[in-house]
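Colleague: Please take a close look at the ligand site. Which residues surround the ligand, and which are the closest?

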Amino acid sequence: MTERQSMNRYDGKRVFLTGAGSGIGRATAVRLVAEGATVFAVDRDTEGLATTRELVDDPARLTCHTADLATEDAAVAAAGAGVAELGQVDVLANVAGALRTTPMTGLDLGDYRWLFAINLFAPVTLCRELLPHVPDRTGVILLTTSTAATKAHPGMTGYAASKGALLSFAVSLSAELAPRRIRVVPVSPGGVATPLTMDKERFDGIDVSWYARTYPLWGKPGEPEDLAAAIAFAGSADGAYLNGTEFRLDGGSHV
Ligand SMILES: NC(=O)c1ccc[n+]([C@@H]2O[C@H](COP(=O)([O-])OP(=O)(O)OC[C@H]3O[C@@H](n4cnc5c(N)ncnc54)[C@H](O)[C@@H]3O)[C@@H](O)[C@H]2O)c1
């Protein structure tokens, strides 16, 4: 356990976590289990989930569920399985997301629909299904947006639009849930070193040199653990006054 994983803010907490098979979601699973959480981990990548389970401190507190959340039926089924396992959902952490470039020349709207299915409709469906099981006053909804929501990402209008829609959803949902005192936090990573961004083939046809200029502080992207630490804070009681506003972790690239 590293120095910054020394807290137990999640003792007794039950977390529904998507995207736990890789990158930021995997680091979040490791972090939350280390802090005492019981995690229902969802991903479309069965092997990725199994690897995550090997990495957590206590595998007995992480249940893996394979589902392609891009279909409403699968998202509804995953939510049902999660409630059956956890009973109540103290924190819903939506981390799963996908990236596909969408240059406007020859744009296929199917790419937009695909991006919106996983980046917007999946978390919206999970919110609808799981909110009845989120406790008033202490429950937290975390939605992983992106700096792409508010900062130019050439060649990625579809991804940016899906994340922008998710950010808007989160802001309004926070007001809708205010009477229940459930917090809603849109977490916006900047560049983070994960397969999502490190797989260069994804960026065929667009000028990636632009992105290299978005890491001003250290000249390199952040680490998944940096985001996991922020997500753990946002979902814990330490984040009690963080609600309905973009929680941006970008190493200063928005400056
Ligand atoms: N890495 C970055 O630079 C960066 C920047 C901004 C936002 N984000 C967001 O952070 C989140 C995590 O991304 P990451 O960088 O860890 O990427 P990643 O590719 O390492 O992990 C994403 C995970 O989501 C899962 N997933 C994707 N589509 C799915 C689907 N239809 N059903 C179920 N699971 C699905 C993948 O299998 C994968 O395990 C995403 O929402 C991403 O958009 C990442």
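Modeller: The answer begins with the shell around the ligand and then turns to its polar contacts. This is a predicted model, in which local features need pLDDT of at least 70, side-chain atom pairs count only at pLDDT 80 or more, and totals for chains, interfaces and linings use all residues. Residues are numbered from 1 along each chain as its sequence is written, and side-chain values use heavy atoms, with hydrogens and water left out.

The ligand is surrounded by 29 residues, of which S22, D43, D68, Y159 and T194 are the closest; a residue counts here if one of its heavy atoms lies within 4 Å of the ligand. By class, the shell holds 12 nonpolar, 12 polar and 5 charged residues, where Ala, Val, Leu, Ile, Met, Phe, Trp, Tyr, Cys and Pro are nonpolar, Asp, Glu, Lys and Arg are charged, and the others, Gly among them, are polar. At least two shell residues come from each of α1 (23-34), α5 (157-176) and α6 (195-198), and α6 supplies the largest share, 3 residues. Helices are DSSP runs of H or I with at least four residues, numbered from the N terminus.

Oxygen atoms of the ligand form polar contacts (pairs of N or O atoms within 3.5 Å). A backbone N or O atom of V192 is 2.7 Å from a ligand oxygen, a side-chain N or O atom of K163 is 2.9 Å from one, and a backbone N or O atom of A96 is 3.5 Å from one. Taken alone, the ligand exposes 820 Å², of which the protein buries 95%; the areas come from the Shrake-Rupley method with a 1.4 Å probe.

Key. A polar contact is a pair of N or O atoms within 3.5 Å; within protein, one must be able to donate a hydrogen and the other to accept it, and residues adjacent in sequence count only if both atoms are side-chain atoms.
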